[in-house]
Amino acid sequence: MIEIEHLTKDFKEIKAVDDLTLEVPRSRTVGFLGPNGAGKTTTIKILTNLISSSKGRAMLNGVDVVTSPKKALAHVGAVVETPEFYPYLTPMETLHYLGRLRGMSPGDITRRGRDVLDEVKMTEWKGTRIGKFSKGMKQRLAIAQALLHEPEILILDEPTSGLDPRGMVEVRETIKSLKKQDYTIFMSSHLLGEVQEICDSAALINRGKLLIYDTIEHLKTVTKVAKLEVTTALDVPPQVVSAVNSMPNVRSAEAVNPRTFIVTFDGLPDQRADLLLAIQK
Ligand SMILES: Nc1ncnc2c1ncn2[C@@H]1O[C@H](COP(=O)(O)OP(=O)(O)O)[C@@H](O)[C@H]1O
Ligand SMILES: [Mg+2]
């Protein structure tokens, strides 16, 4: 499982991740949902030890990523940026190449390679050169290589972004079938519908802060009318409050002081998430 505690990352004056605390339980699929620039990739890069945090810590299977990266990442497969594959290699050759780099034996790679290509539904393409593949197929191969060393945790950063609609469907189906196995999956997305379709829970993040973390089921069923108290860093101009007032499903928006206003909202929780995101813009 994944434990993130008070994680903070500053890039000079930008707080990309701001005191984020989040736990992904074993065998669950959690969506890390937020708009562009929310801090998803930064969080995932810290989790996979590609960059360091400014504050806080991240644990994978109880092992600290910063102090024991090798041990922590031994049980993790990640696709952070879609790797570029050699176009003249086949998927199986690619897995051999990458597996050898990771110190696996050829026998293990062949055996495990068949399984992972099967898991991402690429078996029929295992002998075809990657140069002929669509982006969706390459992304499935990227997932396969992340699974090669039999990790328990799979971390995917925007696995469907940049894919055409068909590629998106293929990759979503792949993740859904992995979900049925015992993997713990943490995937980022800027698409609410995608997270609802695939995940058990959603963690909504914006400006580096966690806004909501709940099961999809609960997010869908919690009480419809909600009063949201919105506190801002700067004084809110009256036109912002009136703009919020005219947003979908908002019954009223009233300023209680220059930096706080209360929104009465009767939409569904996912619409509420959209509203919170819209307000932050
Ligand atoms: N290497 C960097 N240097 C400076 N700012 C960065 C860097 N990486 C990300 N940021 C900033 O941090 C914020 C979060 O970015 P990111 O984690 O990529 O968001 P997301 O993946 O949710 O789109 C953004 O404002 C982005 O511009
Ligand atoms: Mg990103």
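Trainee: Why do strand S3 (residues 29-33) and S9 count as a pair?

Mentor: This is a predicted model. In it, four bridges join S3 to S9, and the two run parallel. Pairing needs at least two bridges, so S3 and S9 qualify. One of the facing residues is Leu 33, whose bridge partner in S9 is Leu 204.

Trainee: What makes S4 and S5 a pair?

Mentor: Strand S4 (residues 55-60) and S5 are joined by two bridges, in the antiparallel sense. The cut-off is at least two, so the pair counts. Met 59 stands opposite Asp 64 in S5.

Trainee: Which strands are at the edges of the sheet that holds S4 and S5?

Mentor: Strand S2 (14-24) and strand S5 (63-64), each of which pairs on one side only. The order is S2-S1-S4-S5, an open sheet of four strands with antiparallel pairing. Helix H1 (residues 40-47) lies across strand S1 (2-11), S2 and S4, at about 120 degrees to S1.

Trainee: And the sheet with S3 and S9: why are S6 and S10 at its edges?

Mentor: The order is S6-S7-S8-S3-S9-S10, an open sheet of six strands with mixed pairing. Strand S6 (76-79) and S10 each have a single partner strand, so one side of each lacks a neighbour in the sheet. From one strand to the next, the twist averages 15 degrees.

Trainee: How do you know that helix H6 packs on this sheet?

Mentor: By its contacts. Helix H6 (residues 165-179) touches S3, strand S7 (153-156) and strand S8 (184-189). Contact here means C-beta atoms within 7 Å. The direction of H6 makes about 155 degrees with that of S8.

Trainee: What makes Lys 40 part of the shell around ligand 1?

Mentor: Its C-beta atom, placed from the backbone, lies within 6 Å of the ligand, so Lys 40 is listed. Others in the shell include Phe 11, Ile 14, Gly 34 and Thr 42. H1 gives the largest share, three residues. S2 and H1 each supply at least two.

Trainee: How does the shell around ligand 1 divide by class?

Mentor: Four nonpolar, six polar and one charged residues. Gly counts as polar here, so Gly 34, Gly 37 and Gly 39 fall in that class.

Trainee: Which parts of domain 1 touch domain 2?

Mentor: The assignment gives domain 1 (2-218) and domain 2 (222-280). Their contact takes nine residues from domain 1 and six residues from domain 2. On the domain 1 side, helix H7 (192-198), strand S9 (201-206) and strand S10 (209-215) each supply at least two residues.

Key:
Residues numbered from 1 in each chain as written. Chains lettered and ligands numbered in written order. Predicted model: local features only at pLDDT ≥ 70, side-chain atom pairs only at ≥ 80, totals over all residues. Domains from an automatic or database assignment. Contact = placed C-beta atoms within 7 Å. Axes fitted to C-alpha atoms, helices over the stretch in contact; angles between N-to-C directions.
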